[in-house]
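Got a few minutes to go over some labels? Let's ask how each one is earned.

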Amino acid sequence: MYDIQSATTLSNGVKMPWLGLGVYKAQEGEEVKRAVRTALEVGYRAIDTAAIYENESGVGEAIQESGVAREHIFLTTKVWNDDQGYESTLQAFEESLHKLRTDYIDLYLIHWPVRGKYTDTYRALEKLYKDGRVRAIGVSNFHIHHLEELLKGCQIQPMVNQVELHPMLSQLELREFCRQRNIQMEAWSPLMKGGDIFQHSVIQELAQKYGKTPAQVILRWDIQSGIVTIPKSVTPSRIQENSDIFDFTISHEDMKKIDAINKNERVGTNPDKYDTM
Ligand SMILES: NC(=O)c1ccc[n+]([C@@H]2O[C@H](COP(=O)([O-])OP(=O)(O)OC[C@H]3O[C@@H](n4cnc5c(N)ncnc54)[C@H](OP(=O)(O)O)[C@@H]3O)[C@@H](O)[C@H]2O)c1
């Protein structure tokens with residue numbers, strides 16, 4: 001983890017940057033384009049979008065106009081719940097590809113584990129992988145029991161599980177399950193959507209100690225824990241700030257202090273409690 005472009009190696013050998021830009025709630029058009037452009041200028045090489053964010057077109061345009069070669073960018077998108085199922089996923093994939101102005105996706109994820117559908121959806125992801133349309137496949141919002149169900153029948157193991165993860169929800173059990181199976185963990189809402197976590201006394205104390213901002217301490221904790229992280233911002237100074245996490249190391253003792261903050265508290269939906277979103 002030397003710099004902003006440092007990457008983890010997924011189980012199939014594909015490299016995925018530890019840090020990416022999330023674009024949930026970045027408005028389609030100028031707002032998302034500016035965010036992606038800024039991130040690429042700062043040095044980010046990974047962007048996380050999804051069909052449901054309705055900003056794939058802006059992401060695609062910004063990438064195309066950036067001057068950064070497509071093969072140097074790690075692009076993630078996700079199949080939405082209404083499109084789940086085998087044929088409908090294949091179709092949704094083509095639509096995402098078209099909007100993103102590219103002919104392959106680096107990582108294609110099942111957005112949520114829709115009951116009765118996600119195993120069929122995953123078969124479509126396996127087909128896309130075998131056909132060379134995506135470089136890696138994975139899931140999002142999968143608990144251990146969802147993964148166990150999926151692993152029983154799949155041919156290709158998911159390479160990534162992207163879940164809500166931050167100091168208040170450290171997901172230790174799921175992390176250990178994934179570590180044992182070589183599934184890379186990825187944190188969404190790593191900053192708890194920019195809320196109260198910045199005021200937490202331990203985060204404040206460590207921010208002072210390391211001469212860093214609360215956001216930087218949390219994002220550094222992610223990557224030092226072996227977790228890929230994708231903070232969202234449309235604010236240029238914050239996009240820069242969130243990437244300045246490669247010039248310090250949190251001590252083992254201080255990592256434990258952050259680990260101890262956990263309260264199993266979510267800012268998003270529990271994957272077991274949603275129905276049709
Ligand atoms: N798979 C899933 O189901 C799922 C669910 C949710 C999110 N995600 C992905 O994960 C990404 C990140 O999650 P998120 O967007 O929910 O939340 P987040 O990254 O935890 O927080 C984003 C919020 O924090 C603010 N912020 C960013 N950097 C900051 C800083 N340095 N200081 C103060 N405030 C800061 C942003 O404001 P400004 O933008 O105004 O600067 C924004 O309001 C998403 O964008 C998306 O790509 C995936």
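**The ligand's place and the cysteines**

Q: Which pocket does the ligand take up?
A: In this predicted model, the space taken by the ligand is the largest pocket.

Q: What makes a residue part of the shell around the ligand?
A: A heavy atom within 4 Å of the ligand does it. By that rule 29 residues surround the ligand, and the closest are Asp48, Ser140, Ser189, Ser233 and Thr235. The shell divides into 13 nonpolar, ten polar and six charged residues. Helix α9 (residues 236-243) gives the largest share, three residues.

Q: Why does the pair between the ligand and the side chain of Ser140 count as a polar contact?
A: The cut-off is 3.5 Å between N or O atoms. A ligand nitrogen is 2.8 Å from an N or O atom in the Ser140 side chain, so the pair is within the cut-off and counts.

Q: What about the backbone of Tyr24?
A: A polar backbone atom of Tyr24 is 2.9 Å from a ligand oxygen, and that also fits within 3.5 Å.

Q: How much of the ligand does the protein cover?
A: On its own the ligand has 900 Å² of accessible area, and the protein covers 88% of that.

Q: How many disulfides does the structure hold?
A: Zero.

Q: Why is Cys154 not bonded to Cys178?
A: A disulfide needs two cysteine sulfurs within 2.5 Å. The sulfur of Cys154 has its closest cysteine sulfur in Cys178, 13 Å away, so the two are too far apart for a bond. Cys178, likewise, is in no disulfide.

Conventions
Residues are numbered from 1 along each chain as its sequence is written. This is a predicted model: local features need pLDDT of at least 70, side-chain atom pairs count only at pLDDT 80 or more; totals for chains, interfaces and linings use all residues. Side-chain values use heavy atoms; hydrogens and water are left out. A polar contact is a pair of N or O atoms within 3.5 Å; within protein, one must be able to donate a hydrogen and the other to accept it, and residues adjacent in sequence count only if both atoms are side-chain atoms. Accessible areas come from the Shrake-Rupley method with a 1.4 Å probe; for residues, only the protein chains shown count as cover. On a 1 Å grid over the protein atoms alone, a cavity is a set of points where a 1.4 Å probe fits but cannot get out, and a pocket is an open set with protein on both sides within 12 Å along at least five of seven lines; lining residues have an atom within 4 Å of a point. A molecule sits in a cavity or pocket if more than half of its atoms lie within 2 Å of its grid points. Helices (H or I, at least four residues) and strands (E, at least two) are DSSP runs, numbered from the N terminus. Ala, Val, Leu, Ile, Met, Phe, Trp, Tyr, Cys and Pro count as nonpolar, Asp, Glu, Lys and Arg as charged, and the others, Gly among them, as polar.
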